[in-house]
Amino acid sequence: MKDRHQRLKTIKRVIKNNKIKSQDELLNLLNEEGFEVTQATLSRDLKLMKVGKINDGASGYVYSIADEDDPMENDQIYAKDFMRGYVSIDFSGNMVVIKTFGGHADSVSNALDAMNIDEILGTIAGENCIFGVLREGVTGEQFMKKLQEKIPELDA
C-alpha cells in the first residue's frame, strides 16, 4: 500500500500534467498509478492541498493547484492553527492523543496533517480530541521532537 505522502505528490503531479474535469477522472488516474482511494479520501486530499477549479478557456473547468507559497510561511500558518486549538499531548507506544478545545480537533488535525510530519501515519479527529498513530518504531519522544521543530513555541 502506498502512503499518503506519495499519494499527495502523485495527485499534484497528475493535476499539473492533465486537464482533469471531475473527481471520477482523477480517481481513475490515481488507480492507474496504483492508489486505491475512496471519493471521501480524495475530497479531503483536495481540500488539504487547496485544489480548485479554473476555466481552461476551451472546454470548461479543470482542477488546478495554486502555486505554492513559501513552505516556511505555510508551516507558520499551520503552527498557529495547531497552537490555537491544542490543550495537551500524550502518547503511549505508537499512539498519540491530542486534546483540544471544544470544536478545534478538526482544525488542529488538519494543521498536523498539512505539516507532513513523516513520523505520524494519520489522525482521526473528534470534537475535542485527536487520535494519531505513529509509524512503526517511532516513539512519542521522537514525534514530539519533530513536532517541536515545526512548532518551536510548543511546550514539551
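The following dialogue reads the sheet, the helices across the sheet and the nonpolar cores of a predicted model.

Colleague: Where should one begin with the sheet, and what is the order of its strands?

Modeller: In this predicted model, four strands form an open sheet in the order β3-β4-β6-β5, and the pairing is antiparallel. The edge positions belong to β3 and β5 (120–125), each of which pairs on one side only. On average, neighbouring strands are turned by 20° against each other, direction ignored.

Colleague: How many bridges join β4 and β6?

Modeller: Five bridges link β4 and β6 in the antiparallel sense. One residue pair can serve as a reference point: Val96 has Gly132 in β6 as its bridge partner.

Colleague: Which strands does α5 lie across, and which does α6 lie across?

Modeller: Helix α5 lies across β3, β4, β5 and β6, and runs at about 165° to β5. Helix α6 also lies across β3, β4, β5 and β6, with an angle of about 145° to β3.

Colleague: How is one to read a nonpolar core, and which elements supply the largest one here?

Modeller: In soluble globular proteins, nonpolar side chains tend to be buried together. In this model, the largest nonpolar core has 23 residues, and the members that touch the most others are Phe82, Ile89, Ile98, Leu112, Phe143 and Leu147. At least two core residues come from each of α4 (71–85), β3 (86–92), β4 (95–100), α5 (105–114), β6 (129–134) and α6 (140–150). The most are given by α5, with five residues.

Colleague: Which residues is Ile89 in contact with, leaving aside neighbours within four places in sequence?

Modeller: With those neighbours left aside, Ile89 is in contact with Phe82, Val96, Val97, Ile98, Met144, Leu147 and Leu154. A second, separate core should also be noted: it has 16 residues, including Val14, Ile15, Leu27 and Ile65.

Colleague: Is Phe143 buried or exposed?

Modeller: The cut-off for a buried residue is under 20% relative accessible area. Phe143, in helix α6, is therefore classed as buried, because its relative accessible area is 0%.

Colleague: Which residues does Phe143 touch, not counting those up to four places away in sequence?

Modeller: On that count, Phe143 touches Val96, Leu112, Ile117, Glu119, Ile120, Leu134 and Val138. The contact with Val96 joins two residues that are 47 apart in sequence, while their C-alpha atoms are 9.0 Å apart in space. Val96 thus recurs in three places: as the bridge partner of Gly132, in contact with Ile89 and in contact with Phe143.

Definitions and conventions: Residues numbered from 1 in each chain as written. Predicted model: local features only at pLDDT ≥ 70, side-chain atom pairs only at ≥ 80, totals over all residues. Heavy atoms only, no water. Core = buried A, V, L, I, M, F, W, Y, C linked by side-chain atoms within 4.5 Å. Buried < 20%, exposed > 50% of the residue type's maximum accessible area, 1.4 Å probe, protein only. Contact = heavy atoms within 4.5 Å. Pairing = 2+ DSSP bridges. Axes fitted to C-alpha atoms, helices over the stretch in contact; angles between N-to-C directions.
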